[in-house]
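The exercises below are meant to be worked with the sequence and the coordinates side by side. Each task is followed by a solution that proceeds step by step.

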2 protein chains.
Amino acid sequence: MAEQAHTPRRAGEPGSTEGSTTTTSSSAARRRVSGPTLRDVAALAGVSLKTASRVLNDGPNVSAATREAVQEAMQSLSYEPDPAARSLRAGHDRTVGVVVDSIGDIFFSELAATLESALDAAGYSCLLASSNREADRERDVVRSLVRRRCAGVIVAPSSPTSISEADLAGTPVVFVDRVGSVQGAASVVSDDPGMAYEATRHLLAHGHRRVALLSDSLDLPTTRGRQEGYRRALAEAGIEVDPALTRMQCDDESSAMRQVREVLDLDEPATAIFSCSSRLSLGVVPALHQFGRTDVALVSFGDFTMADSVQPAVTVVDHSARRIAQAAAEALLAHLPPHDPGHGPTGVIEVPARLIPRGTGEIAAPPAPEQTTRA
Amino acid sequence: MAEQAHTPRRAGEPGSTEGSTTTTSSSAARRRVSGPTLRDVAALAGVSLKTASRVLNDGPNVSAATREAVQEAMQSLSYEPDPAARSLRAGHDRTVGVVVDSIGDIFFSELAATLESALDAAGYSCLLASSNREADRERDVVRSLVRRRCAGVIVAPSSPTSISEADLAGTPVVFVDRVGSVQGAASVVSDDPGMAYEATRHLLAHGHRRVALLSDSLDLPTTRGRQEGYRRALAEAGIEVDPALTRMQCDDESSAMRQVREVLDLDEPATAIFSCSSRLSLGVVPALHQFGRTDVALVSFGDFTMADSVQPAVTVVDHSARRIAQAAAEALLAHLPPHDPGHGPTGVIEVPARLIPRGTGEIAAPPAPEQTTRA
DNA sequence: CGACCTGTTGACAACGGTGTCATGGCCAGT
DNA sequence: ACTGGCCATGACACCGTTGTCAACAGGTCG
């Protein structure tokens, strides 16, 4: 300690008098992580720091000769800009925050993978966080991403109002899978009511009158939309909605299993099931197999691994994570530099989905012994 | 240098003379993202910036009264430290980089989800990146994470030497799923040879002599270990390894399907299959179903969704992503503050795995018509 | 020929924190 | 009472980059 510093003047005795690196010994624990700085580049090229910065950012008003000299210096030092410094000074960086229910969820992992590769191609990295479907946590996470100066965020909102404009402080956002309610933001979703309508009609077309609806309890537009499609299809077929068949408390695979058992044990049991999400289907399919009831028809909203290999194979609505992610990445990038900020797409963007018949959706309803007589 | 010295008059005329905020109008495009700064906190508490910083970091030598005043000020302003500034100055931040083959892969998404929640609990966020199993990209990605001053990185290395100590520049690293070769780093893996040995023995115990090995072509310790276990089990049973049955070119689901067809079409066809990864099993199972060959025995290294629901259910080695992730997070955290850096675990950490019999692994070998007569 | 641009370039001050060292008060040791 | 040491605190530089503005060169125009 108490090294040179014989003069009580100049507190730090920084690197200005000295060249530079000799001081490293003093702070033992400090990691040396960054390579050459822009200052080094500038020095090598014989220009000022600011000019080097201009070249780095393709700034205007740099002569061709200077530009080339600086670029050469960057090359030879294999310079890379420091994201933290840039972020601190410029107020934004090349990172996009991604917030989903859970990265372990089959749907969101595919979504995240596609987002990552699309954003990476545009030079952005992904900062990932799971909201666990908790609105509080979700808002915290988004705020923290915003404070980190993410260039933008992509969120699967746990509720339409979970994120407010104040939380974003101007950071561009794109919602995925579910509609969010922020001014000027785009939401990329699939046509939930429409596809649910088709799925239900598909089951009705195979003679079913007792179609159970399995859905999670969250009050999301997505969920509501799917229920609405289901109702509309029933209404058109002149079938009344039976509350005993609409099971809106399936929040995970095991509760889905329970609900399956219940709708099959009714006095007038379900002969077909419409499962509102692939996550639920992951509980429904094992349940049907376990109960030995593979004679029950099933359509799943959302494809899943092995859906094609179980016996019978599961008919699904292909609510493609990949397509949603692709559209979302494009929408967000349109709001980010080098594009015109504020001129990207807005509002609800629907990506197409389609029904994939594989077997379970085409199981015909049983003859219905005396019901017909009674009616 | 001795640059300005005599003062060529103050260049910028910054905010020092002025109060402050009036300048906002000038820079139109700049987002206002950060809330109150530590300076604001200090001012409100009536202490110096440095003292506020000390309170923020639980620094020593702060009187109780001062500490409380500062904390109160932080509360009332709802102050949050700026990660970029902290990272820039302190040389590290509360982010852990996670690099896996692909976040869309079933195994890695579960791994990532567990890592995220474990690290989040310790106050770290996750910066996620996929390597796509390309060594070059992997190294680039790791370097970029290091330059971002990640507190640490967790990597599923595409090869044991893909990452060097130079790339890390002292950043703590933990390898997952496959052994990496960096001094002082831990690698969390499962007991590949041992579990492969058990899996193969399990098949042999059910009478099989023609057991096919499906594996990817990568030259990883993981892959080699699993092959080694397979060989050892065969050797113990006095069975020679048949090159026609060892298929090491299965790099994705579709090639796995092809290889399944081939081993079943041999003159002396396989009666059992040992699939070296859940990714491959995702091709093998559909293939067997498609070919109508569910009489073929199968053990999969790695569990997967629906393995329990296909008919017959698939016997697996439960090479749990969750357990690996948990152990890896703990290992990394032990290398990070507030722990003693350099005193965390090192070397290879094996997490236990176990065989889960479900059906396909217990299918008995066919009587083998004339083979016995011939032999 | 001087006033006026225009196009390049550089000095300097931030961004929001943390490390280093100095300072001043208070107390124990001699 | 004097001295040295410890504690609490603050002044200041600095991390690596970009925004602001001044300065200066060379050309155009009246």
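**Exercise 1. Two helices of chain B**

At what angle do helix α1 (residues 38–45) of chain B and helix α3 (residues 64–77) of chain B pack, and how many Å apart are their axes?

Solution. In this predicted model, the two helices pack at an angle of about 125°, and their axes are 8 Å apart. Angles of 65 to 115 degrees would count as roughly perpendicular and angles over 145 as roughly antiparallel; α1(B) and α3(B) are therefore oblique to each other. The crossing in which α1(B) passes α3(B) is right-handed. Turning to the residues, α1(B) contributes D40(B), V41(B), L44(B) and A45(B), which meet A69(B), V70(B), A73(B), M74(B) and L77(B) of α3(B). By class, the residues of this contact comprise 8 nonpolar, no polar and 1 charged.

**Exercise 2. The contact between the chains**

Determine how many residues of chain B are in contact with chain A, and which elements of chain B supply at least two residues each.

Solution. The count gives 47 residues of chain B in contact with 46 residues of chain A. On the side of chain B that touches chain A, at least two residues each are supplied by α4 (83–90), α5 (106–121), β2 (125–130), α6 (135–147) and α11 (278–290). Sorted by class, the residues on that side of chain B are 22 nonpolar, 14 polar and 11 charged. Strand pairing also links the chains: strand β2 (residues 125–130) of chain A and β2(B) pair in the antiparallel sense over 3 bridges, with L128(A) standing opposite C126(B) in β2(B).

**Exercise 3. A strand and its neighbours**

Which strands of chain B are joined by bridges to strand β3 (residues 152–155) of chain B, and are its faces covered or open?

Solution. Begin with strand β1 (residues 95–100) of chain B, which runs parallel to β3(B) and is joined to β3(B) by 4 bridges; here G97(B) has V153(B) as its bridge partner. Next, strand β4 (residues 173–176) of chain B is joined to β3(B) by 3 bridges, and these two strands also run parallel. V153(B) stands opposite V173(B) in β4(B). For the faces, recall that side chains in a regular strand alternate between the two faces of the sheet. In β3(B) both faces are covered, with G152(B) and I154(B) buried on one side and V153(B) and V155(B) buried on the other.

Key
Residues numbered from 1 in each chain as written. Chains lettered and ligands numbered in written order. Predicted model: local features only at pLDDT ≥ 70, side-chain atom pairs only at ≥ 80, totals over all residues. Axes fitted to C-alpha atoms, helices over the stretch in contact; angles between N-to-C directions. Parallel < 35°, antiparallel > 145°, perpendicular 65-115°, else oblique. Left-handed = near helix turned anticlockwise from the far one by under 90°. Contact = placed C-beta atoms within 7 Å. Nonpolar A, V, L, I, M, F, W, Y, C, P; charged D, E, K, R; others polar. Pairing = 2+ DSSP bridges. Buried ≥ 20, exposed ≤ 12 C-beta atoms within 10 Å, placed from the backbone.
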